[in-house]
Amino acid sequence: MNDHAAVKAALRAMPIETPSWAYGNSGTRFKVFAQQGVPRDAYEKIADAAVVHRLTGAAPSVALHIPWDRVDDFADLARFAADQGIAIGAINPNVFQDNDYKLGSVCHPDPRVRRKALDHLLECVDIMDATGSSILSLWFADGTNYAGQDSIAARQDRLADALSQTYDRLGPDQRMLVEYKLFEPHFYSMDLPDWGTSYAHCVALGDRAQVLVDTGHHAPGTNIEFLVTVLRRFGKLGGFHFNSRNYADDDLMVGAADPFQLFRIMHELVRADAIAPEANVAFMLDQCHNLEAKVPALIRSVLNVQEATAKALLVDADALAAAQSGGDVLAAHAVLMDAYATDVRPLLAEMRAEAGLDPDPIAAYHRSGYQQRIETERVGGQQAGWGA
Ligand code: LRH
Ligand code: MN
C-alpha cells in the first residue's frame with residue numbers, strides 16, 4: 001500500500017488538462033444558457049484555465065479546439081499561456097460543423113470534401129508546431145443515419161487514408177489520439193464507434209497513434225476499466241476525455257454521476273503503472289457546464305480526479321493480490337471497497353498546503369473575487385461557445 005508521501009508524490013506528478021471549450025457557453029439542442037463573464041476569445045479562456053491551475057496546482061495545460069480557438073498568431077497565444085503559467089496542450093480539429101460535412105468529413109463520399117477535411121487536420125498539425133503541442137486529438141462526427149445510406153467498408157477505407165496521411169505529417173515528438181463514440185450525431189453507424197475500431201486503425205498507423213477514451217462515449221453498462229486495461233496492455237492507451245454521465249454523452253463533471261466508476265478506472269491505471277508521466281497517458285477533461293459556473297466546475301473536476309486517484313493509490317495491493325490468488329472473492333472486493341471508502345480530502349488538503357496552495361481551492365476561488373471580476377469586465381463582444 002502506498003504511504004501518504006507516495007500518494008502525494010504521484011498526484012503532484014499527474015497533470016490534468018482542461019478543455020478550452022468548457023470555459024465557453026454550451027448547452028443542448030433545446031437551449032444554450034449564456035452565462036455572464038464567459039470568455040470571448042482563446043486568450044480569455046487561457047486566463048480562466050490558468051486560474052484553475054493556480055488554485056489546484058494540477059492543471060498546467062489547456063486543450064484547444066480549432067476553429068473555436070483560432071487566433072492570428074498561435075505562437076503569441078502560446079507565449080501568453082506561458083506568461084499565465086500554463087501551456088497549450090492537445091489540439092482538436094473540428095470537422096463536424098461545416099455545411100460540407102453533412103455526409104461526413106474524411107469519410108464523405110465526395111473526394112473534394114475529404115480533401116477539405118484532411119487539409120484542416122494538416123493545418124492543425126501546423127498549429128501544434130506553433131504552440132509546441134505534442135497531441136493531435138482526433139474526433140470525427142462521421143457516420144450515417146439509415147442502413148444503406150453509404151458503404152461502411154468504403155467509409156473505413158476513406159478514414160484509414162486520411163488518418164495515414166495525417167500520421168505521416170506528424171513530427172517526431174508528436175502523436176495522434178483517435179477518439180471513438182458509439183452514437184451522436186449519427187444514429188445508425190458512427191465510423192469510429194468503439195475502442196476496437198479505433199484500436200485497429202491505430203495499430204495499422206503505427207506507434208504514434210493511440211486510442212483516446214472519452215468516458216461518455218460508451219453504451220450503458222460498458223465496463224470501461226476493462227477496455228482501458230486491455231488498451232494499456234497493448235500499449236495503445238493514449239489518453240482520456242474525462243467526464244461523467246447518467247444516460248448518454250451528458251458531459252457532466254467527471255466523478256459527479258458515477259464516482260465509483262472513476263475510482264475503478266483509476267484503480268486499473270494504478271495497477272498498470274499508467275499514472276506516472278513516463279506512461280504517457282494524457283489525462284484530459286472534456287465537459288460542458290451548461291448550468292453551473294464554469295471555472296469552479298473545472299476546479300471541482302480536477303479535485304474529483306485527484307480524489308479518485310488518491311483512493312486508488314491507497315488500495316492495499318499486497319492484500320488484494322493475496323485475496324485474489326487465494327480465490328477469496330469477498331476479501332478481494334473488501335480491499336477495494338476499503339480504499340474507496342477512505343476520506344482522502346485531508347490528505348489532499350495537506351498536499352496543497354505543502355505546495356503553498358490553499359487547502360480548499362473552491363473556497364479560495366470564491367474568496368478571490370475572480371468570478372465577480374470577469375462578470376464585470378467581460379461585457380460586450382461575442383461570448384465563446386460551440387457556434388453550432
Ligand atoms: C465529441 C467530443 C469530442 C470533442 C467534442 C467537444 O462528443 O467528445 O471530444 O471534439 O466532444
Ligand atoms: Mn471527447
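This report walks through the surroundings of ligand 1 and of the manganese ion (ligand 2) in a predicted model.

Let's begin with ligand 1. The space it takes is the largest pocket. Around ligand 1 you will find Trp21, His65, Trp139, Glu179, Lys181, Asp214, His217, His241, Asp249, Asp286 and Trp386. By character, this shell splits into 3 nonpolar, 3 polar and 5 charged residues.

Some of these residues place a polar side-chain atom within a few ångströms of an oxygen atom of ligand 1, as the table shows.

| Residue | Distance from a polar side-chain atom to an oxygen atom of ligand 1 |
|---|---|
| Glu179 | 2.7 Å |
| Lys181 | 3.0 Å |
| Asp249 | 3.1 Å |

On its own, ligand 1 has 300 Å² of accessible area, and the protein covers 97% of that.

Now for the metal. Glu179 (OE), Asp214 (OD), His241 (ND1) and Asp286 (OD) coordinate the manganese ion (ligand 2), at 2.1 to 2.2 Å. Along the sequence, these donor residues follow the spacing E-x34-D-x26-H-x44-D. Why is the arrangement around the manganese ion (ligand 2) octahedral? It is octahedral because the 6 donor atoms subtend angles of 72 to 170°.

The two sites share residues: Glu179, Asp214, His241 and Asp286 are around ligand 1 and also coordinate the manganese ion (ligand 2).

Notes: Residues numbered from 1 in each chain as written. Chains lettered and ligands numbered in written order. Predicted model: local features only at pLDDT ≥ 70, side-chain atom pairs only at ≥ 80, totals over all residues. Heavy atoms only, no water. Near = heavy atom within 4 Å. Polar contact = N/O pair within 3.5 Å; in protein donor to acceptor, adjacent residues only side chain to side chain. Areas by Shrake-Rupley, 256 points an atom, 1.4 Å probe, with all protein chains shown as cover. 1 Å grid on protein atoms, 1.4 Å probe; cavity = no way out; pocket = protein on both sides within 12 Å on 5 of 7 lines; lining within 4 Å. Sits in = over half its atoms within 2 Å of the grid points. Nonpolar A, V, L, I, M, F, W, Y, C, P; charged D, E, K, R; others polar. Donors = N, O, S within 2.8 Å, 3.2 Å for Na, K, Ca; no water. Tetrahedral: all angles 85-135°; square planar, octahedral: opposite > 155°, others 65-115°.
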